[in-house]
Amino acid sequence: RHDPVFAAVDLGATSGRVITGRVGPDELVLTEAHRFANTPVRLPDGLRWDVLALYQGILDGLRVAARGGPVASVGIDTWAVDYGLLDSDGSLLGLPFHYRDTRNAAAAEEVLAHFGAQELYGVGGLQHLPFNTVFQLAAHRSTAQWQAARTLLLMPDLLVYWLTGSVGAEVTNASTTGLFDARSGGWSHALIGRLGLESSLFPALREPGERAGTLLPHVAGFTGLPADTPVTTVASHDTASAVAAVPATEPGFAYVSCGTWSLAGLELDAPVLTEQSRAANFTNERGVDGTVRYLRNIMGMWLLEECRRTWERDGTSTSLASLLADAARARPFAAVIDPDDPAFLAPGDMPSRIDAALTRSGQRTPDGPGGYVRCVLESLALAHRRTLREAAELAGRELTRVHLVGGGSRNELLCQWTADATGLPVTAGPAEATALGNVLLQARAHGLVGGLTDMRRLVARTQELRHYTPRGDPGAWDRAADLAAVVG
Ligand code: LRH
C-alpha cells in the first residue's frame, strides 16, 4: 500500500515516537516507525530536556517514515507547559527545563503572593500546578539567559520551528501557560503586562489544522522527505489530541485521559471560572475548535511507573503482568493515598514516599509490590470518581459514561475499578488516543475527515474498545471514598 500517510510525532514521559497513520472513510491505522528514549537529564542547575537527542530521534523517525512511502504531512505533540527561549538570532538559549524540576514551587508561591490566585484564575482558568508556565517563567527571570530572550516557544512549537523555520504558538498548548485568556481564546496581554513580561515574547497563535510551514532544505535532505512536505499544526498539547480522539458518539461524555497523568473531566463550550471551580482546582484548557477541556490533573500512572523504576534499580523488578496479578490478589482497600500529594511529583523513590504518606495518615504500609500497586490503582480509581463527580456538579452536567483513553486503558484493573468506583459504565480505549488525535487533525486539514464528531465516530468505528460495567459492592467504594477524603 502506498497511500500517503500522516506522520505523528508524540513525545511522552519515557519515550518519543514517530508514528504513521493511514486514514480513509472506514480506516484509521497507526504504525510505529521509530521509538527513542525521552530521558530528562539532571544538571547542577536543574532537570532539563535532552532536546537535541529528541530532535535527532524525530529526524531519524521521519527518515524511517519516508522510506515507507509518501508522507502527506507531519504533526508534533508533547506534554504541556514546557518551553524554550530564543534570542534575537533565533537561537535556543540553554536547555529547556523539565516541569518536574523542583525550582518551581518557590516561584509559584512568590507569584501568588503578588497576584492573588483569584486574579490568575479569573483570566487563565487554570488549575494551580506549581509548574504552570507562568510560574516557571518567574523562576527563569533571575537568569542571565532571560536578558537575551526574545521569543518563547512551547516545546512542540520549538520543534516545529527547527523543522520549518516558522514561529508560532499553538493554541491548545498556549492555554496551559497561565498567560492565556480562557474566555477570549487569545493571549492575555493585560496579564502578561501585569506580570512584567514582554508581550513580544509570545508569538501569534495558531489553530490546530493550520499549516505551520514546510521542511527546511537540510531537514528534507536528511529525512528524504520532499521539501514541500507540510508540517501541520495539530492539537500540540498531548491531552488535547487525546481528547479529540475520545470515541464518544453521544454528547455529554466524561473522559479520563490516562497515561503518566490522569486528566479527568468534561468537554464544554465555555470555561467555568467561578470561585467554586477555582477552589476545587479545575482547569479550563482549550480543546480543538474552541472547546474547553474542563478537567483536573491527577498524578496518574506516574505513581506506578515510578514504583517500577525504583524496584528495577533495586533489582527486585517483575513484569507488569505479574505485578497486576499480585495486585488483583492483594487485600482490597488496605491503604489509600491522595495521588495528588505534591510529595509524589518529582522523580525518585516512590515506594518510600507512599510509605511516608501512609504512615503520616496512620495507615499500615503494604508488605509487597502487589500491595503498593493495589493501593495506587484503587487510589486512582477513587480520584477519578471524585474528580468526575465534582466536574459534573460544577458544570451542571449529568454523567452517563466514562471514556478512559491512553495507555492506562490497557490496565484492566484500573478500568474495572474506575467503573466500580464511579458506578458508571467505562469504555476503555483507544490506548493510542494521543497519536490518533494527532493524525486525525492532520487528516482533517487534508480534507479526509470532518469535525470533532466525525473524527470521534471514525475512532469508535475502527479502534478496539472494551466495555466495563460497575460491579462489586458500591458501599465498599463509598467507604473507601470517605477514607480518601480524610487522607487528602
Ligand atoms: C500530560 C500533560 C498534562 C499536563 C502535564 C504537564 O502529558 O500534558 O496535560 O498538565 O502533562
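# Group meeting talk: strands, helices and a ligand shell

Okay, let's start at the far end of the chain: strand S20, residues 426-428, is joined to S21 by three bridges, and the two run antiparallel. If you want one pair to look for, Thr427 has His467 as its bridge partner in S21. Before I go on, please keep in mind that this is a predicted model.

Now zoom out from that pair. S20 and S21 belong to an open sheet of seven strands, and the order is S17-S18-S16-S15-S19-S20-S21, with mixed pairing. Which strands stand at the edges? They are S17 (283-286) and S21 (466-468); each has a single partner strand, so one side of each is left without a neighbour in the sheet. From one strand to the next, the twist averages 30°. There is also a helix packing on this sheet, H15, residues 369-395. H15 touches S15 (254-258), S16 (262-268), S18 (292-298) and S19 (402-405), and its direction makes about 20° with that of S16. A quick reminder for anyone new to this: strands in a sheet pair through backbone hydrogen bonds, and they can be parallel or antiparallel.

Let's jump to the beginning of the chain, to strand S1, residues 5-11. How many of the residues of S1 are buried? Seven of the seven, so S1 is largely enclosed by the rest of the structure. The side chains split two ways: Val5, Ala7, Val9 and Leu11 point one way, while Phe6, Ala8 and Asp10 point the other way, and all are buried.

S1 has partners too. With strand S6, residues 71-78, S1 pairs in the parallel sense over seven bridges, and there you can find Ala7 opposite Val74. With strand S2, residues 15-24, S1 runs antiparallel, joined by six bridges; here Ala8 stands opposite Ile19. The link from S1 to S2 is a hairpin of three residues.

Next, a few helices. Take H6, residues 155-164. Nine of its ten residues are buried, so H6 is largely enclosed by the rest of the structure. Here's the list if you want to click through: Met155, Pro156, Asp157, Leu158, Leu159, Val160, Tyr161, Leu163 and Thr164. Right behind H6 comes Gly165, with a positive phi near 80°.

Helix H3, residues 117-124, is another one to look at. Its buried residues are Leu120, Tyr121, Val123 and Gly124. What covers the buried residues of H3? The cover includes strand S10 (180-181), helix H8 (189-194) and helix H11 (275-279). And just after H3 there's a glycine again: Gly125 takes a positive phi of about 65°.

Two single residues now. Leu137 is in helix H4, residues 133-140. Is Leu137 buried or exposed? It's buried: 25 other C-beta atoms lie within 10 Å, and the cut-off for buried is 20 or more. Leu137 and Met455 are 318 residues apart along the chain, and their C-alpha atoms are separated by 36 Å.

Then there's Arg35, in strand S3, residues 27-37. Why does Arg35 count as partly exposed? Because Arg35 has 15 C-beta neighbours inside 10 Å, and partly exposed is the band between 12 or fewer, for exposed, and 20 or more, for buried. Setting aside neighbours within four places in sequence, Arg35 is in contact with Ser15 and Arg17. From Arg35 to Ser166 you go 131 residues along the chain, and the C-alpha atoms are separated by 26 Å.

On to the ligand. The residues around the ligand are Trp79, Ala80, Val81, Tyr99, His237, Asp238, Thr239, Thr260, Trp261, Leu263 and Asn297. Sorted by class, that shell has six nonpolar, four polar and one charged residues.

Last stop, the record. UniProt, in an unreviewed entry, lists residues 8-243 as "domain: Carbohydrate kinase FGGY N-terminal". In the model, that span is 35% helix and 26% strand, with its end C-alpha atoms 16 Å apart. UniProt also places "domain: Carbohydrate kinase FGGY C-terminal", again from an unreviewed entry, at residues 254-445. Here the span is 47% helix and 16% strand, and the end C-alpha atoms lie 26 Å apart.

That's my tour, thanks for listening!

Key: Residues numbered from 1 in each chain as written. Predicted model: local features only at pLDDT ≥ 70, side-chain atom pairs only at ≥ 80, totals over all residues. Helix = DSSP H or I, 4+ residues; strand = E, 2+ residues; numbered from the N terminus. Contact = placed C-beta atoms within 7 Å. Near = placed C-beta within 6 Å. Nonpolar A, V, L, I, M, F, W, Y, C, P; charged D, E, K, R; others polar. Pairing = 2+ DSSP bridges. Axes fitted to C-alpha atoms, helices over the stretch in contact; angles between N-to-C directions. UniProt positions renumbered as here; feature names shortened; annotations may be inferred.
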